[in-house]
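The following exercises invite the reader to work through a structure step by step. Each task is followed by a worked solution.

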Amino acid sequence: MRKAAAHPVTESRPHALFSFGTLLDAPVQHALFGGAVPSATASLTGYTTRPLPITDPSVIATSGLDVHLTLERRIGAEVAGSVLRLTDRDLAAADAYEVDDYVRRRVLLSSGESAWAYLDARPLRSAARIVVAGDSIAYGRCDPQGGWAGHLAAAHIAADEPGHRVFNLAVPGSTLRDVAEQLPPLLGPRLPDTVLVAAGINDSALPVTAGATTPATGAADVTDSLDRLAAAARHHNARLVVVGPAWIDETRTGDYEGLRFTRDRALALRERVRTWCADRFVDHVDLWEPLRDRPDLLVDGLHPSPEGHKALSVHIDALIG
């Protein structure tokens, strides 16, 4: 790995990065940043650590270790470390150093400061208490087993019954605006570490009224609602994961309960959600592909059948479980 050049002392260091592992080691900082970077002792509550085997030869060569640590959620636990003050170039170097098992996400330190940290790339693998919010698909309509969220709950709780919890707060008919208004006061008592928000197809619908040209929830509303949900999750030091929307069969949706759904509007919503997540370093799980061109997995063109929910469950678990 090529050694980075030392930075002038006057260079701006706008990024706070919480580290508890090899990024604190002098040889690693020298290799990545060209020398030691400013740092201060810090801690992260609600987390513990577990070992993570490393196979990338360049990372092993830089750190001298083939096992690093990754974060895992646990109520009452605390991880000690330091906050590194990094330049844009430093942060890019740190991103390049971390293997694909890690992703950079926002956390809330014990001091109340927001900082970056490298978390498990599969958010449910490190989760303990999960809140699900969204519309009828997240609620599990058309599936007696509770839909994809019900499958998720069964597997997650079975993995650690004493410590794992899943709270499904989805409400049929909800838009992201509804979720952003209703969810925040419900989070506190449930002590979530992970919030799964389903971006439902309702956010792309047109009211079935003469001359209607505006979706029930517009692009600005989607962005504002996701921003509010991200702030609510961050307030509880919970990791936000946005899922959806799912594919629809436009030929069968018709005028559904006063709303009109089209594939083009659903695709536009999908792109808005995906772009928002990428721009803000938030996890996104695309539910479009598992059902795409599979009308047999939809009951009415919108809602997955039990088999459709099972396909979504397998897809979600493979990506983030």
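**Exercise 1. State how far apart Asp-224 and Arg-228 are in helix H8, and describe the salt bridge they form.**

Solution. The structure is a predicted model.
Step 1. Both residues belong to helix H8, which covers residues 219-235; because they are 4 residues apart there, about one helical turn separates them.
Step 2. The closest N and O atoms of Asp-224 and Arg-228 are 3.7 Å apart. A salt bridge requires such atoms to lie within 4 Å, and the pair is accordingly listed as one.
Step 3. Asp-224 has a relative accessible area of 38% and is partly exposed. Arg-228, at 34%, is partly exposed as well.

**Exercise 2. Determine which parts of the chain are linked by the salt bridge between Arg-274 and Asp-286, and name the network that contains these residues.**

Solution.
Step 1. The closest N and O atoms of Arg-274 and Asp-286 are 4.0 Å apart.
Step 2. This pair links distant parts of the chain: Arg-274 lies in helix H10 (residues 263-280), whereas Asp-286 lies in the loop between strand S13 (283-285) and H11, 12 residues apart.
Step 3. The burial of the partners is stated in turn: Arg-274 is partly exposed at 34% relative accessible area, while Asp-286 counts as buried at 14%.
Step 4. Through shared partners, salt bridges join Arg-270, Glu-271, Arg-274, Asp-286, Glu-289, Arg-292 and Asp-293 into one network.

**Exercise 3. Decide whether each partner in the salt bridge of Arg-104 and Asp-95 is buried or partly exposed, and state how many salt bridges the whole structure holds.**

Solution.
Step 1. In this salt bridge, the closest N and O atoms are 2.7 Å apart.
Step 2. A residue is buried when its relative accessible area is under 20%. Arg-104 has 9%, so Arg-104 counts as buried. Asp-95 has 30% and is therefore partly exposed.
Step 3. Over the whole structure, 19 salt bridges are found.

**Exercise 4. Give the strand order of the open sheet of 5 strands, and identify the strands at its edges.**

Solution.
Step 1. The order is S7-S6-S8-S10-S13, and the pairing is parallel.
Step 2. Strand S7 (165-168) and strand S13 each have a single partner strand, so one side of each is left without a neighbour in the sheet; these two strands stand at the edges.
Step 3. On average, neighbouring strands are turned by 20° against each other, direction ignored.
Step 4. Within the sheet, S8 and S10 run parallel and are joined by 5 bridges. Val-195 stands opposite Leu-240 in S10.
Step 5. Helix H5 packs on the sheet, where H5 touches S6, S7, S8 and S10; the direction of H5 makes about 165° with that of S7.

**Exercise 5. Describe the largest nonpolar core and the surroundings of two of its residues, Val-132 and Leu-287.**

Solution.
Step 1. In soluble globular proteins, nonpolar side chains tend to be buried together.
Step 2. The largest nonpolar core here has 33 residues, and those with the most contacts inside it are Val-132, Trp-148, Leu-196 and Leu-287. At least two residues each come from strand S6 (129-133), helix H4 (136-139), helix H5 (147-159), strand S8 (194-198), strand S10 (239-243) and helix H11 (306-320). H5 supplies the largest share of this core, 4 residues.
Step 3. Val-132 lies in strand S6 and is buried, with a relative accessible area of 0%. Beyond four places in sequence, the residues that Val-132 touches include Trp-148, Val-166, Phe-167 and Leu-196.
Step 4. Leu-287, with neighbours within four places in sequence left aside, is in contact with residues including Trp-148, Val-243, Trp-247, Leu-312 and Ile-316.
Step 5. A second, separate core of 25 residues includes Ala-233, Ala-238, Trp-276 and Cys-277.

**Exercise 6. Identify the buried and exposed residues of helix H1, and explain why the buried ones line one face.**

Solution.
Step 1. In helix H1 (residues 26-33), the buried residues are Val-28, Gln-29, Ala-31, Leu-32 and Phe-33.
Step 2. Viewed down the axis of H1, these buried residues fall within an arc of 165°, and they therefore line one face of the helix.
Step 3. The exposed residues Ala-26 and Pro-27 are carried by the face turned away from the buried side of H1.
Step 4. Gly-34 follows H1 and has a positive phi, near 85°.

Conventions:
Residues numbered from 1 in each chain as written. Predicted model: local features only at pLDDT ≥ 70, side-chain atom pairs only at ≥ 80, totals over all residues. Heavy atoms only, no water. Core = buried A, V, L, I, M, F, W, Y, C linked by side-chain atoms within 4.5 Å. Buried < 20%, exposed > 50% of the residue type's maximum accessible area, 1.4 Å probe, protein only. Contact = heavy atoms within 4.5 Å. Arc of directions from axis to C-beta. Salt bridge = Lys/Arg side-chain N within 4 Å of Asp/Glu carboxyl O. Pairing = 2+ DSSP bridges. Axes fitted to C-alpha atoms, helices over the stretch in contact; angles between N-to-C directions.
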